[in-house]
Amino acid sequence: MKFDDHIHLGNIWGNKRTETIRTSVKEVKEYIQSNELTHCCILYTDYHEFLELKNELPDVTFYGCKWVTDFENLVLDKKACGIKLHSSRGPQGPIDYVDRRMNGLLEQLPDNYIVYFHTSEMLSTKSQSTPLVVFTHAIKFPKLKFIVGHSGSFGLRTFYPTNKDKPGYKACLKIALLSECMVETAITGADKLKNVYLDSSLLINRGTPKVWVLAKSKRWCFGSDYPFNKVVGSTEHTPIKSQEELMIKSFNHTREDIDRIHLNGIQFFENQL
């Protein structure tokens, strides 16, 4: 079994700094086949495209999470099992995780539904896209399953700098330290709350502080954030395989350890709370 819990299909909404991009059914199908994935969580914007992908790959187990971009008029798709929320991207702007309407949104979801939160280390102390905010919702809604996307740290610029004379040294140091602290926080919450799980997307590809921390945890699954694994500089088309190899070579994981990570992630998605 091989599981990727973070694959985008359809529109990937932009924001003030980035444009909206798209992935097609054909592109996602090729990605899944090239990584030899048996289980996939698809974060989609068009339900018909999600159904088309399922029909194209009948031997793959799919978990569909609809990208929700506002608090109104929520429609739960029949063959989906979750929703995705994003704190910085969306056609009407980002979703505010501490908006008073969030409770109303989550109250509409059936038991064991997946709620996928994008999280990210930010230089601003006002950012709400943190594991702690996700934990607040997870405690309030113990029958829902919460994924801390990126395990609290999206990962760009999270290398600890070594040259103190280089421009931007202090900012890089601050964001690298914050990244590591966010992942430590995410692990603590996932260890304490049975309805919280983490994913490895992007950071393991880049060998940043998150990897050292995440390797200590047992409550995370592999994620690529496809197609962003290519956008951030990884030219390869097999990020899950690369993540597995890194865990084996650098963190003394065995093949059995890797298989267990995949299986545990699948069980979190499938088992009842």
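Reader: Which helices and strands do the buried residues of α4 pack against?
Author: This is a predicted model. In α4, which spans residues 131–140, the buried residues are P131, V133, V134, F135, H137 and A138. The partners of these buried residues are two helices and three strands by name: α3 (102–107), α5 (169–192), β6 (114–118), β7 (145–149) and β8 (196–199).

Reader: How many helices and strands does the protein chain have?
Author: The chain has 273 residues, and 53% of them count as buried. Its secondary structure comes to ten helices and nine strands.

Reader: Of contacts between residues at least 6 apart in sequence, what share joins residues at least 24 apart?
Author: The count leaves out pairs that are less than 6 apart along the chain. Of the contacts that remain, the share joining residues at least 24 apart is 68%.

Reader: How are α1 and α2 oriented to each other?
Author: Two packed helices are described by the angle and the distance between their axes. For α1 (residues 25–34) and α2 (residues 47–56), the axes are 10 Å apart and the angle is about 40°. An angle under 35 degrees would count as roughly parallel, and 65 to 115 as roughly perpendicular. The angle falls in neither range, so α1 and α2 are oblique.

Reader: In which hand does α1 pass α2, and which residues of α2 make the contact?
Author: The crossing of α1 over α2 is right-handed. On the α1 side, the contact is made by V25, V28, K29 and I32. By class, the contact has four nonpolar, no polar and four charged residues. The α2 side consists of E49, E52, L53 and E56.

Reader: Is R219 buried, exposed or partly exposed?
Author: R219 sits in the loop between α7 (209–214) and β9 (220–221). Its relative accessible area is 21%. Buried would need a value under 20%, and exposed a value over 50%. R219 is therefore partly exposed.

Reader: Which backbone oxygen does the side chain of R219 reach at 2.6 Å?
Author: Beyond its neighbours within four places in sequence, R219 is in contact with several residues, among them A190, K194 and F268. F268 is 49 residues away along the chain, yet the two C-alpha atoms are separated by 9.1 Å. A polar atom of the R219 side chain lies 3.2 Å from the backbone oxygen of K194. The backbone oxygen at 2.6 Å is that of A190.

Reader: What is the relative accessible area of K2?
Author: K2 belongs to the segment before β1 (3–12). Residues up to four places away aside, K2 touches N35, E36, L37, T38, H39, I240, E244 and H262. K2 counts as buried, with a relative accessible area of 14%.

Reader: Which residue does a cis peptide bond join to Y226?
Author: Most peptide bonds are trans. Here omega is about 10°, and the bond is cis. The second residue of the pair is in the loop between β9 and α8 (228–231). That residue is P227.

Reader: N73 and D225 have positive phi values; what are their relative accessible areas?
Author: Most residues other than glycine have a negative phi. N73, in the loop between β4 (61–67) and β5 (82–85), has a phi of about 55°. D225, in the loop between β9 and α8, has a phi near 60°. N73 is exposed, at 74%, whereas D225 is buried, at 3%.

Methods
Residues numbered from 1 in each chain as written. Predicted model: local features only at pLDDT ≥ 70, side-chain atom pairs only at ≥ 80, totals over all residues. Heavy atoms only, no water. Buried < 20%, exposed > 50% of the residue type's maximum accessible area, 1.4 Å probe, protein only. Helix = DSSP H or I, 4+ residues; strand = E, 2+ residues; numbered from the N terminus. Contact = heavy atoms within 4.5 Å. Axes fitted to C-alpha atoms, helices over the stretch in contact; angles between N-to-C directions. Parallel < 35°, antiparallel > 145°, perpendicular 65-115°, else oblique. Left-handed = near helix turned anticlockwise from the far one by under 90°. Nonpolar A, V, L, I, M, F, W, Y, C, P; charged D, E, K, R; others polar. Polar contact = N/O pair within 3.5 Å; in protein donor to acceptor, adjacent residues only side chain to side chain.
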